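Dear colleague,

I am passing on the structure we spoke of, and I would be glad if you could look it over alongside the notes below.

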Amino acid sequence: MPIPDDVTGHEIDKDVQQELQSLPKGLAEDVARNLVMVANLIDDDPEQAYAYSRIALRLASRVAAVREAAGFAAYAVQKYSEALAEFRAARRMTGSVELWPVMADCERGLGRPEKALDMAGAPEVQKLDKPGQVEMRLVAAGARRDLGQIDAAIVTLQGPELGSNSVQPWTARLRYAYADALLAAGREDESREWFAKVIESDKDGSTDASDRLAELDGVEFVDVMEGDEPAPVSEPVVTDDVTPVQEDDDEDDEDDDDVDEADDEADDDKV
């Protein structure tokens, strides 16, 4: 697959560059450039990112950073069995627990929320840093919702990080999940309060909390067609009957391939 000339491979993290030093120089550069393409495309064009990750994997399957990148690319296109196999391989190579939450979320994607909850209670969670522990809590709450245990999901999300005045990278996502769970439980007034708190902490606008709050308040935004008289900005259209929009936490299931077999096959790849 073509790679732009201005992508040199030096854009990747120094830790990854160090891992690639075990490869011949030319090969290391090719792998690095493909990894850069994965990072550049994974949010906007995950299918293309996945394609580049497969190239990197064929070139250097015994490099942990490559296995991890391949895992995230597969995760982005909802190939959960494949993603889980790659994450397991990367964890075997490094011994790190960093990927534990996303591995548990792959179990959710494969329709195994009980397995995700087992992982949420495993000793590995205690070894996670604070962002990892919060991520694990989000996954566990999602698994509870998968099982229809909405009240348990709400309790799972509660903790000092939820109401802290200190805004961290995970704050908006944690509050959003809590607000959405409250709404699913029929606790609309509390949900409205927490969606407002999401807006306060979501400086980058990464969530649609403002839209969700507007829906709860009965505000309908009308697109003005060409030739129509524009509605005054200060006078939003208010409807009497509004159905709260709930997020669908269910992940599309992938075929539950034999993960261990996928692991073994990938580990046998030659550079």
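What follows goes from the whole chain to its helix pairs and then to a few single residues.

Please bear in mind throughout that this is a predicted model. The chain has 271 residues, of which 41% count as buried, and its secondary structure comes to 14 helices and two strands. When contacts between residues at least 6 apart in sequence are considered, 60% of them join residues at least 24 apart. The surface that the chain exposes comes to about 15000 Å², with carbon and sulfur atoms supplying 45% of that area.

Two helix pairs are described next. Helix 6 (residues 100-109) packs against helix 7 (residues 113-120) at an angle of about 160°, and their axes lie 7 Å apart. Since angles over 145 degrees count as roughly antiparallel, helix 6 and helix 7 are therefore roughly antiparallel to each other, and their crossing is left-handed. On the side of helix 6 the contact is made by W100, M103, A104, E107 and R108, while helix 7 contributes P113, K115, A116 and M119. Sorted by class, this contact between helix 6 and helix 7 has six nonpolar residues, three charged ones and no polar ones.

The other pair is formed by helix 8 (residues 130-146) and helix 9 (residues 150-157), whose axes come within 7 Å and cross at roughly 170°. That angle makes helix 8 roughly antiparallel to helix 9. Here R137, L138, A140, A141, R144 and R145 of helix 8 meet I150, A152, A153, T156 and L157 of helix 9, and the residues of this contact divide into seven nonpolar, one polar and three charged.

M103, one of the helix 6 residues in the contact with helix 7, also leads to helix 5, for its C-alpha atom is 5.8 Å from that of L84, although L84 and M103 are 19 residues apart in sequence. L84 itself is found in helix 5 (residues 80-94), and it counts as buried because its relative accessibility is 1%, where the limit for buried is under 20%.

Ahead of that helix, Q78 lies in the loop between helix 4 (64-76) and helix 5. Q78 is worth a look in the backbone, as it has a positive phi of about 65° although it is not a glycine. With a relative accessibility of 29%, Q78 counts as partly exposed, a class that lies between the 20% limit for buried and the 50% limit for exposed.

Further along the chain, A179 has its place in helix 11 (residues 171-184) and is buried, with a relative accessible area of 0%. Leaving aside residues up to four places away in sequence, A179 touches S191, W194 and F195. The C-alpha atom of A179 is also separated by 9.8 Å from that of R212, a residue 33 places away along the chain. R212 belongs to the buried residues of helix 13 (residues 209-216), which are A209, R212, L213, A214 and L216. Just after helix 13 comes G218, which takes a positive phi of about 80°.

If you open the model at one place, I would suggest M103, which takes part in the contact of helix 6 with helix 7 and has its C-alpha atom 5.8 Å from that of L84.

With best wishes

Key. Residues numbered from 1 in each chain as written. Predicted model: local features only at pLDDT ≥ 70, side-chain atom pairs only at ≥ 80, totals over all residues. Heavy atoms only, no water. Helix = DSSP H or I, 4+ residues; strand = E, 2+ residues; numbered from the N terminus. Buried < 20%, exposed > 50% of the residue type's maximum accessible area, 1.4 Å probe, protein only. Contact = heavy atoms within 4.5 Å. Axes fitted to C-alpha atoms, helices over the stretch in contact; angles between N-to-C directions. Parallel < 35°, antiparallel > 145°, perpendicular 65-115°, else oblique. Left-handed = near helix turned anticlockwise from the far one by under 90°. Nonpolar A, V, L, I, M, F, W, Y, C, P; charged D, E, K, R; others polar. Areas by Shrake-Rupley, 256 points an atom, 1.4 Å probe, with all protein chains shown as cover.
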